[in-house]
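Let's take a walk through this structure together, starting from the inside and working outwards. Have the sequence and the 3D view ready as you read.

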Amino acid sequence: MINPLRHNKVFSPEKFDKGISVIGIGATGSKVAMSLVKLGIEKIHAYDFDRVEEHNIPNQIYGEDQIGLQKTQALFDIIKRQTNSEISVHNEKVDGSQNMKEIVFLLTDTMSSRKLIWEKSIKGKCNLMIETRLDSDQGMIYTINPKNPKHVVKWEGTLCEDKEADPSVCGGEITVGPSSSIIAELAVWQFIKWFQQQMGVRNDLENEIIIGVNPVALYTKMF
């Protein structure tokens, strides 16, 4: 079991009793899942249908000995080995028919898949959605309440068709490990800040974060 002693004043896992769905466990999602486990969260459900490939090793948490495994099995194994924790894994493509937990990290490879999952499984149903987009040296994190009409309108306004999106932002060929790590950890920090907001510790929470690392630049907005 995870000992939360060093972060308990920032995030207390014993005060958090909701479930979390992580949809997509690639460059960003695999690191998000591991970070959530290390916070001491137990009710984590991870979804993916891909296998670990050789080119995944530089930017995802998987090892060379896991090449060929389903990502769900590889993630379960590496989390169990490193933390002695067990998460629930679902080796399937999320198509909107699944029931998501109260908190959702939407981290799929395409805009079309995000739109489908959003419309069928998240919008108006979940308490919090954190969605990320990743380029080689920049990324975006959106933190919204799917039941808040203003948040819904603002976030839906950022969506576009796959053919209009920068391919690298939605699972293209260029993904740099440090960039995915920065975006993943910022996404988890947004979850921590949301939790603190629920506990009455803070009242500010950015809904849009755009970060670049070459050069370093940060833009935030509240909806």
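A good place to begin is the largest nonpolar core, which has 41 residues; among them, L36, F105 and F191 touch the most other members. Keep in mind that this is a predicted model. Which elements give two or more residues to this core? They are β1, α1, β2, α2, β4, β5, α5 (177–198) and β7 (208–213). Helix α5 supplies the largest share, eight residues. As a general background, nonpolar side chains in soluble globular proteins tend to be buried together.

Now zoom in on F105. Setting aside its neighbours within four places in sequence, F105 is in contact with I20, S21, V22, I23, V32, L36, I130, A187, V188 and F191. Two of these contacts, L36 and F191, were named above with F105 as the residues touching the most other members of the core. There is also a second, separate core of 20 residues, and V104, L106, C126 and V152 are included in it.

Next, step back to the sheet. Eight strands form an open sheet with mixed pairing, and their order is β3-β2-β1-β4-β5-β6-β7-β8. Why is one side of β3 (88–91) and of β8 (216–221) left without a neighbour in the sheet? Both stand at the edges and each has a single partner strand, so nothing in the sheet flanks the other side. On average, neighbouring strands are turned by 15 degrees against each other, direction ignored. In general, strands of a sheet pair through backbone hydrogen bonds, either parallel or antiparallel. For one pairing in this sheet, look at β2 (residues 44–48) and β3: they run parallel and are joined by four bridges. Here A46 of the pair stands opposite V89 in β3.

With the sheet in view, we can add helices. Helix α1 (residues 29–38) packs on the sheet, where it touches β1 (20–23), β2 and β4 (103–106), and its direction makes about 160 degrees with that of β1. Helix α3 (residues 111–122) lies across β1, β4, β5 (128–134) and β6 (138–144), running at about 180 degrees to β5.

Finally, see how α1 meets helix α2 (residues 71–83). Their axes come within 11 Å and cross at roughly 35 degrees, and the crossing is right-handed. On the α1 side the contact is made by S30, A33, M34, V37 and K38, and on the α2 side by L75, I78, I79, Q82 and T83. Sorted by class, this contact has six nonpolar, three polar and one charged residues.

How values were computed:
Residues numbered from 1 in each chain as written. Predicted model: local features only at pLDDT ≥ 70, side-chain atom pairs only at ≥ 80, totals over all residues. Heavy atoms only, no water. Pairing = 2+ DSSP bridges. Axes fitted to C-alpha atoms, helices over the stretch in contact; angles between N-to-C directions. Contact = heavy atoms within 4.5 Å. Left-handed = near helix turned anticlockwise from the far one by under 90°. Nonpolar A, V, L, I, M, F, W, Y, C, P; charged D, E, K, R; others polar. Core = buried A, V, L, I, M, F, W, Y, C linked by side-chain atoms within 4.5 Å. Buried < 20%, exposed > 50% of the residue type's maximum accessible area, 1.4 Å probe, protein only.
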